[in-house]
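Subject: Handing over a structure, with notes on what was found

Dear colleague,

I am passing a structure on to you, and I would be glad if you could look through it together with the notes below.

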Amino acid sequence: ETTITIHLVPDVTYVARQNQKPSIVYSGYLNGAMALKQVQVDESSHPQTAKLLKTLQHFENWKQETLRKAYSELGSHQRDYCEEFDLTRLHPYSQTDLAYALGLSGSTISRILKGRVIAVRNLGDEEKLLYANDLFVSRESMKAYAAIPTLNQLFTEEFREKKAGSDQMLS
């Protein structure tokens, strides 16, 4: 039997600080460590390849800068969640809201954050890996998150009393 280990390196780690914006630690990739910067092409011998390489380097620089700005804005907006990993402390925030704040289109934000992994370290020094998109929540999601503690309490009482509550009681 073969075991495959995959190590995820988050783009950013948010480190919670009590009642403050989290501190942000960017990955090597977002700090500019990029293999394309080290590639050199003789422009006189390979002008098209050199042009393509410059275009790719320009795009990577834009992408890194945009991700840094997006992560800074997102971390500031969801700082309360970072403190305790409490879903009820998330704030309604959408990709469209972030796009507006950065002066970009919603589809650009969607594409640039798709599948991106982040880490959050709470005040207790526990760390969670999340997809960046997990920090976007709607008002409807917030209502559901707010109901979780009450539902858990009701289900605990049902279990303890060994009697199922009615749907009317649960609503």
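The notes that follow go from the sheet to the helices and then to a few single residues. Please keep in mind throughout that this is a predicted model.

The sheet

The sheet is open and is built from four strands, which lie in the order S2-S1-S3-S4 with mixed pairing. At its edges are strand S2 (20-26) and strand S4 (127-131), each of which pairs on one side only. From one strand to the next, the twist averages 25°.

Taking the pairs in the order of the sheet, S1 and S2 run antiparallel and are joined by five bridges, and within this pair Val 15 stands opposite Ser 23 of S2. Strand S1 (residues 12-17) and strand S3 (residues 117-121), in turn, run parallel and are joined by four bridges; here Thr 13 has Ala 119 of S3 as its bridge partner. S3 and S4 run antiparallel, with five bridges between them, and Ala 119 stands opposite Leu 129 of S4. Ala 119 is thus named in two places, as the bridge partner of Thr 13 and as the residue opposite Leu 129.

Two hairpins belong to this sheet. The hairpin of S1 and S2 has two residues between the strands, and in it Asn 19 takes a positive phi near 55°, although Asn 19 is not a glycine. Most residues other than glycine have a negative phi. Is Asn 19 buried or exposed? With a relative accessible area of 54%, it is exposed, because the cut-off for that word is over 50%. The hairpin of S3 and S4 has five residues between the strands, and there Asp 125 has a positive phi near 70°.

The helices

Helix H1 (residues 47-77) lies across S1, S2 and S3, and runs at about 150° to S2. H1 also packs against helix H4 (residues 106-113), at an angle of about 100° and with the two axes 11 Å apart. Since angles of 65 to 115 degrees count as roughly perpendicular, H1 and H4 are therefore described in that way. On the side of H1 the contact is made by Trp 62, Lys 63, Thr 66, Leu 67 and Tyr 71, and on the side of H4 by Thr 108, Ile 112 and Leu 113.

H4 has a second packing partner to look at, namely H3, with an angle of about 105° between them and their axes 8 Å apart. That angle makes H3 roughly perpendicular to H4. Gln 95, Leu 98, Ala 99 and Leu 102 of H3 make this contact with Gly 106, Ile 109, Ser 110 and Leu 113 of H4. Leu 113 therefore appears in the contact of H4 with H1 and again in that with H3.

Why does the length of helix H5 (residues 139-161) agree with what its residues should span? At 1.5 Å a residue, its 23 residues should span 33 Å, and the C-alpha atoms at its ends are 34 Å apart, which agrees. H5 nevertheless bends by about 35° at Ile 148, where a proline, Pro 149, follows within four residues. The buried residues of H5 are Met 142, Leu 154 and Glu 158. After H5 comes Lys 162, with a positive phi near 55°.

The loop between H2 and H3

The loop between helix H2 (79-84) and helix H3 (95-102) holds Leu 87, and Phe 85 is found in that loop as well. Phe 85 has a phi near 60°, a positive value in a residue other than glycine, and at 13% relative accessibility it counts as buried, because the cut-off is under 20%. Leu 87, by contrast, is partly exposed, with a relative accessible area of 35%.

Which residues does Leu 87 touch, leaving aside its neighbours within four places in sequence? Leu 87 is in contact with Tyr 81, Met 142 and Tyr 145, and Met 142 is one of the buried residues of H5. Leu 87 and Ile 148 are 61 residues apart in sequence, while their C-alpha atoms are 9.5 Å apart in space. Ile 148 is also the residue at which H5 bends.

With best wishes

Terms used
Residues are numbered from 1 along each chain as its sequence is written. This is a predicted model: local features need pLDDT of at least 70, side-chain atom pairs count only at pLDDT 80 or more; totals for chains, interfaces and linings use all residues. Side-chain values use heavy atoms; hydrogens and water are left out. Two strands pair if DSSP finds at least two bridges between them. Axes are lines fitted to C-alpha atoms, for helices over the stretch in contact, and angles run from 0 to 180 degrees between N-to-C directions. Contact means heavy atoms within 4.5 Å. The expected span of a helix is 1.5 Å times one less than its number of residues. The bend at a residue is the angle between axes fitted to the seven residues ending there and the seven starting there. Buried means under 20% relative accessible area, exposed over 50%, partly exposed in between (1.4 Å probe, protein chains only). Angles under 35 degrees count as roughly parallel, over 145 as roughly antiparallel, 65 to 115 as roughly perpendicular and the rest as oblique.
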